[in-house]
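Trainee: Please take me through the empty spaces in this model. I would like a close look at what lines them.

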Amino acid sequence: VQMAEQTTHKFIRTDSLIDEAFDTLRTKDFKLVLQVGTDGILVTVNEKAHNKYIAFERYSFQHIYRFDDVCALMEDLIKQSGLLKYAYHTVDCLIVNSLSTLVPSAVFEEERKKTYLKFNTFLEGDEFILADHLKTLDARNVFALPFCLKGKLDFAFSNIRYHHFSSVLIEALFAQHKNQGSQKVMIHVQPSHFQVVVLDGKQLLFYNMFNHHSTEDFIYYLMFVCEQLHLNPEKIDLRLFGEIEKNSAIHLITQKYIRNVTFEERNDQADYSYQLQALPKHSYFTLFNSSFL
């Protein structure tokens, strides 16, 4: 286990957990999953034969605010990674950004993808537009993939597939709660932003992503969502998960304003090697649930 390994660049490898089952001569039997955003990059490897996660790496970025800056780091990061320099059976990349919008399948037209996205987001013009199919919602999640990132990763991996991380988030949450009729407010926390998903049985009432730089930002947006959706803070079932620690400032301030706060754990359909079992079960929810797409 290597912790907080400093590099000469703007990224730090904060976790490297690699099981002895990770055989560099057998990587073509494995599946690689990447999650890429301006906060950092998460990497995991799944041994497909046993559906077992056998390796995990986390890289944190410092003072990175645009995907152009992420692209500038990719070559060095791939070289330094203990996982990214090999060829895999399949490679899935989850894009973390706010450039996504949900469109019901009944009205979705492939050639209008960019038009849908422009309704809700500001595009700079150098994005590749894709759409995930969300089976549980019968909807398409249209999203923007920065061209520079696509170019770097297409060069590194010949068989890469791109998805929006919110597609995994929504599909996995529906799968976990499909037989529960009650309303739930799910808060997925990441270092500089968080996502709110409100479920009501088999309905998606709300999805959005908010930036936060302080606990005050976080609670302001959370209470704003409750107010807009007429959710009673005394009665709602609120679940925290993602990159958040128990008894952290965000956890404590949420408990001040919301009566029922618990941590959501991933409903694992896979196994984990011994080293990876040390990771908190409420963390890295989308990375380890990419099979839902």
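Mentor: Here are the open space and then the enclosed ones. The model is predicted, so local features need pLDDT of at least 70 and side-chain atom pairs count only at pLDDT 80 or more, while totals for chains, interfaces and linings use all residues. Residues are numbered from 1 along each chain as its sequence is written, and side-chain values use heavy atoms, with hydrogens and water left out.

Terms come next. The search runs on a 1 Å grid over the protein atoms alone. A cavity is a set of points where a 1.4 Å probe fits but cannot get out. A pocket is an open set with protein on both sides within 12 Å along at least five of seven lines. A lining residue has an atom within 4 Å of a point. Points are joined across faces, edges and corners, and volume is the space filled by probe spheres set on them.

Start with the largest pocket. Its space is about 790 Å³, and 26 residues line it. Nearest its centre lie Thr38, Tyr65, Arg66, Phe67 and Asn97. Strand 5 (52-61), helix 1 (67-80) and strand 13 (203-211) each give two or more residues to this lining. Strand 13 has the largest share, with three residues. Helices (H or I, at least four residues) and strands (E, at least two) are DSSP runs numbered from the N terminus. By class, the pocket lining has 10 nonpolar, 10 polar and six charged residues. Here Ala, Val, Leu, Ile, Met, Phe, Trp, Tyr, Cys and Pro are nonpolar; Asp, Glu, Lys and Arg are charged; the others, Gly among them, are polar.

Now the enclosed spaces. There are two cavities of 30 Å³ or more. The largest cavity holds about 130 Å³. Its lining has 15 residues, with Asp39, Gly40, Ile41, Leu42 and Glu243 nearest the centre. Strand 3 (30-36), strand 4 (40-47) and strand 5 each supply at least two of the lining residues. Six lining residues are nonpolar, six polar and three charged.

The second largest cavity holds about 40 Å³. Its lining is Gln35, Leu42, His188, Val189, Gln190, Gly242, Glu243, Tyr284, Phe285 and Thr286. That splits into four nonpolar, five polar and one charged. Note Leu42 and Glu243: they line the second largest cavity, and they are also among the residues nearest the centre of the largest cavity.
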